[in-house]
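Colleague: I would like a close look at a single part of this protein and at what connects that part to the rest of the chain. Please take it slowly and keep to what the model shows.

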Amino acid sequence: MKFNREVIKKAHQMAKEIKEEYPEVNYKVQFGLCLSYLLQNKGKEGDNKMQELKGSEKQVKWAEDIRKEVISINNYLLENVSILEEEKRISKAKEVYTTSKKYLESIEDSKVFIENFKEILTTKGDFKNDTFYSKFRVFKDGIKNLGLKGYGRLGNEIRLKIAEEEGLD
């Protein structure tokens with residue numbers, strides 16, 4: 001996507017929506033993230049709708065299961081950012097996980113999920129035990145492979161605080 005007036009308007013619209021949902025988010029930082037997101041995704045954003053996956057029937061089915069689990073972990077981390085206590089860390093975590101959710105929903109190629117996150121389906125259980133740690137490691141490594149930064153450290157901090165509160169670690 002070319003850098004033009006429409007891209008800027010769309011980035012402002014996205015940043016405004018996120019700011020309304022999460023008032024503590026820094027608008028300028030979020031605008032920059034949204035602008036970067038739009039430019040990197042070359043217009044495939046699709047108004048926040050999850051993209052239909054492409055590939056063979058078997059790949060698409062497998063990738064849909066993987067994507068569901070990956071987005072579930074991302075959403076869990078996003079919903080629990082307040083456990084970080086420091087306002088600055090909470091704001092950063094919300095920006096990070098909101099952006100990653102949009103990015104994950106914009107992926108069309110089934111292979112991206114299969115190559116980066118396939119191990120996430122081999123571990124069963126819920127988020128509040130060692131199983132979550134195993135799934136989180138796959139999530140963190142997959143996000144890192146996609147070139148997104150800051151997700152693992154914040155997520156691990158959230159995971160550890162939840163485990164501490166629940167007496168699990």
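Modeller: What follows is an account of helix 4 and its salt bridges, with some of the surroundings.

The model is a predicted one. The protein has 7 helices and 0 strands, and in sequence order the pattern reads α-α-α-α-α-α-α. Of its 169 residues, 44% are buried.

Helix 4 has 20 residues, which at 1.5 Å a residue should span 28 Å; the C-alpha atoms at its ends lie 29 Å apart, in agreement with that expectation. The helix is mostly covered, with 15 of its 20 residues buried.

Side chains of opposite charge can pair when their charged atoms come close. The structure holds 4 salt bridges. One of them joins Lys 94 to Glu 24, with 2.0 Å between the closest N and O atoms. Here Lys 94 belongs to helix 4, while Glu 24 sits in the loop between helix 1 (5-21) and helix 2 (27-40); the two are 70 residues apart, and the pair links distant parts of the chain. Lys 94 counts as buried because its relative accessible area is 14%, under the 20% cut-off. Glu 24, at 27% relative accessibility, is partly exposed.

Another salt bridge is formed by the side chains of Arg 89 and Glu 157, at 2.4 Å from N to O. This pair also links distant parts of the chain: Arg 89 is in helix 4 and Glu 157 in helix 7 (residues 151-166), 68 residues apart. Both ends are partly exposed, Arg 89 at 25% relative accessibility and Glu 157 at 23%.

Next come the loops on either side of the helix. Glu 108 forms a salt bridge with Lys 54, the closest N and O atoms being 3.5 Å apart. Glu 108 lies in the loop between helix 4 and helix 5, and Lys 54 in the loop between helix 2 and helix 3, so this contact ties together parts that are 54 residues apart in sequence. Lys 54 is exposed, since its relative accessibility of 51% is over the 50% cut-off.

Glu 85 is in the loop between helix 3 (57-79) and helix 4 (87-106). Its relative accessible area is 62%, so Glu 85 is exposed. Together with Glu 86, Glu 164 and Glu 165, Glu 85 forms a negative surface patch.

Methods
Residues numbered from 1 in each chain as written. Predicted model: local features only at pLDDT ≥ 70, side-chain atom pairs only at ≥ 80, totals over all residues. Heavy atoms only, no water. Patch = residues over 30% accessible without salt bridge, like charges linked within 9 Å, V, L, I, M, F, W, Y side chains within 5 Å. Areas by Shrake-Rupley, 256 points an atom, 1.4 Å probe, with all protein chains shown as cover. Lys, Arg positive; Asp, Glu negative; His and termini not counted. Charge placed at Lys NZ, Arg CZ, Asp CG, Glu CD. Helix = DSSP H or I, 4+ residues; strand = E, 2+ residues; numbered from the N terminus. Buried < 20%, exposed > 50% of the residue type's maximum accessible area, 1.4 Å probe, protein only. Expected span 1.5 Å × (residues − 1).
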